[in-house]
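Grab a viewer and work through a few exercises with me. Try each one yourself before reading the solution.

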Amino acid sequence: LIGAGLLEEVAACLACRRAGSPAAVVTDPVVGAFYRDRLMAALAKGAPGLRVAWIEVPAGEGAKRLSELERLYHQFAGVPLDRRSVVVAFGGGVVGDLAGFAAATYLRGIDLIQVPTTLLAQVDASVGGKTGIDLPEGKNLVGAFHQPRRVIADLETLQTLPAAQLRAGLAEVIKYGVIADPSLLDILEAQREPILAGEPAALEELVVRSCRIKAEVVAGDERETGRRAILNFGHTIGHALEAATGYGEYLHGEAVAIGMVAAARLSCRLAGLPAGEARRLEELMRAYGLPSAPRKPVAPERLLEAARRDKKARAGDVHFVLANRLGEVDLYPVPERVIRDTLETLNG
Ligand SMILES: NC(=O)c1ccc[n+]([C@@H]2O[C@H](COP(=O)([O-])OP(=O)(O)OC[C@H]3O[C@@H](n4cnc5c(N)ncnc54)[C@H](O)[C@@H]3O)[C@@H](O)[C@H]2O)c1
Ligand SMILES: [Zn+2]
């Protein structure tokens, strides 16, 4: 469900099937401060008599760790949640991944509803069923596929999202434009101001089309043995940049924006993408205040090393999702020499 003012739907969704069993809303203190009263009022009205435990985990990527997962399990047991209980993941991708993994594993799996409140979570993280946590050894190393029963994206919640977070989410929307639906790029070009202002009416079409693409791709390849990899356009270098800079220097979407610029340049060299289309992408990044090059130069060798270690890389050449033209991509093995050249061009 995608629309403005949908928190009431969460209540309707819980009311219709959970008689007797308590539910848990997992969120973070930032989202809680903005929306707790609204959601709890909606639940009291729409699901009277339902017992709801409100559980907060720390805000930010640091919450996706074993100790926080363990704390969640204890809180679930304290309620206690049972097999017919529902976990509502109410927040950004961090809350979705952590609460989703807790729901995937508690009592060997209980129902999950994703209620994403960041643009990134609405267009990406809440759809597709991947859940998990990080280890000190790497991001997302422990997890499970656990499809949510429902995803409810209330566009109004995006109005409190910091501008940088909104832009980072738009990087993923640009990605969908490249891999499947160039009309997204037309909308981004035509509606810059209302989109950057977070206006629900302007964002709706972007979220709907993005979710449709993600859902289609995932439905065809849930466990990522093939086609799902196209969702990683811009992510090989993006992930490498995040890892090489110790996470925290770039928002994920910013790193992906830079990765998409690199992937577009590689696409021109190896996949026949017209130079004008690569330029169009770089223009779009600029228009949305997304970086198209690292803020401080990063040695190509460090990025290459991180790309080789990426769990999604295959043996031998590093594989890239490259665009033959905007809207059509394929997987290409890319020789390291060519990657190094392209990374040099990023440092100016
Ligand atoms: N499971 C998947 O398929 C998938 C896909 C992409 C990303 N992810 C994961 O998602 C995470 C990133 O998600 P994210 O970008 O949403 O970050 P996030 O969850 O950390 O949220 C970003 C910040 O925005 C705040 N926030 C959330 N909603 C808000 C709102 N409506 N108003 C104001 N502030 C709000 C949060 O408290 C946080 O400080 C990463 O851990 C990544 O691995 C998962
Ligand atoms: Zn991403």
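Below are four exercises, each with a worked solution.

A bit of housekeeping: this is a predicted model, where local features need pLDDT of at least 70, side-chain atom pairs count only at pLDDT 80 or more, and totals for chains, interfaces and linings use all residues. Residues are numbered from 1 along each chain as its sequence is written, chains are lettered from A and ligands numbered from 1 in the order in which they are written, and side-chain values use heavy atoms, with hydrogens and water left out.

**Exercise 1. Find the donors of the zinc ion (ligand 2) and work out their spacing in sequence.**

Step 1: pick N, O and S atoms within 2.8 Å of the metal (3.2 Å for Na, K and Ca); water is not among the atoms, so sites may look incomplete.
Step 2: you should land on Glu-172 (OE), His-235 (NE2) and His-252 (NE2), at 2.0 to 2.1 Å.
Step 3: written along the chain, the donors follow E-x62-H-x16-H.
Step 4: Glu-172 sits in helix α6 (residues 163–179) and His-235 in helix α10 (residues 235–244), so this pair ties together parts 63 residues apart in sequence. Helices here are DSSP runs (H or I, at least four residues) and strands likewise (E, at least two), numbered from the N terminus.

**Exercise 2. Decide how covered α10 is, and what its buried residues pack against.**

Step 1: set the scale: buried is under 20% relative accessible area, exposed over 50%, partly exposed in between (1.4 Å probe, protein chains only).
Step 2: His-235 counts as buried at 4%, and its fellow donor Glu-172 does too, at 0%.
Step 3: across α10, 8 of 10 residues are buried, among them Thr-236, Ile-237 and Leu-241.
Step 4: the buried ones pack against α6, α11, α13 (300–309), β10 (318–325) and α14 (336–346).
Step 5: look just past the helix, where Gly-246 has a positive phi, near 75°.

**Exercise 3. Describe the surroundings of Ser-267.**

Step 1: place Ser-267 in helix α11 (residues 252–270).
Step 2: its relative accessible area is 0%, so Ser-267 is buried.
Step 3: its side chain reaches the backbone oxygen of Ala-263 at 2.6 Å.
Step 4: beyond neighbours within four places in sequence, Ser-267 contacts (heavy atoms within 4.5 Å) Phe-233, Gly-272, Leu-273, Leu-322 and Ala-323.

**Exercise 4. Count the disulfides, and check Cys-211.**

Step 1: search for cysteine sulfur pairs within 2.5 Å; the structure holds 0 disulfides.
Step 2: the closest cysteine sulfur to that of Cys-211 is in Cys-13, 16 Å away, too far for a bond.
Step 3: Cys-211 is buried at 12%, and Cys-13 is buried at 6%.

Note on methods. Polar contact = N/O pair within 3.5 Å; in protein donor to acceptor, adjacent residues only side chain to side chain.
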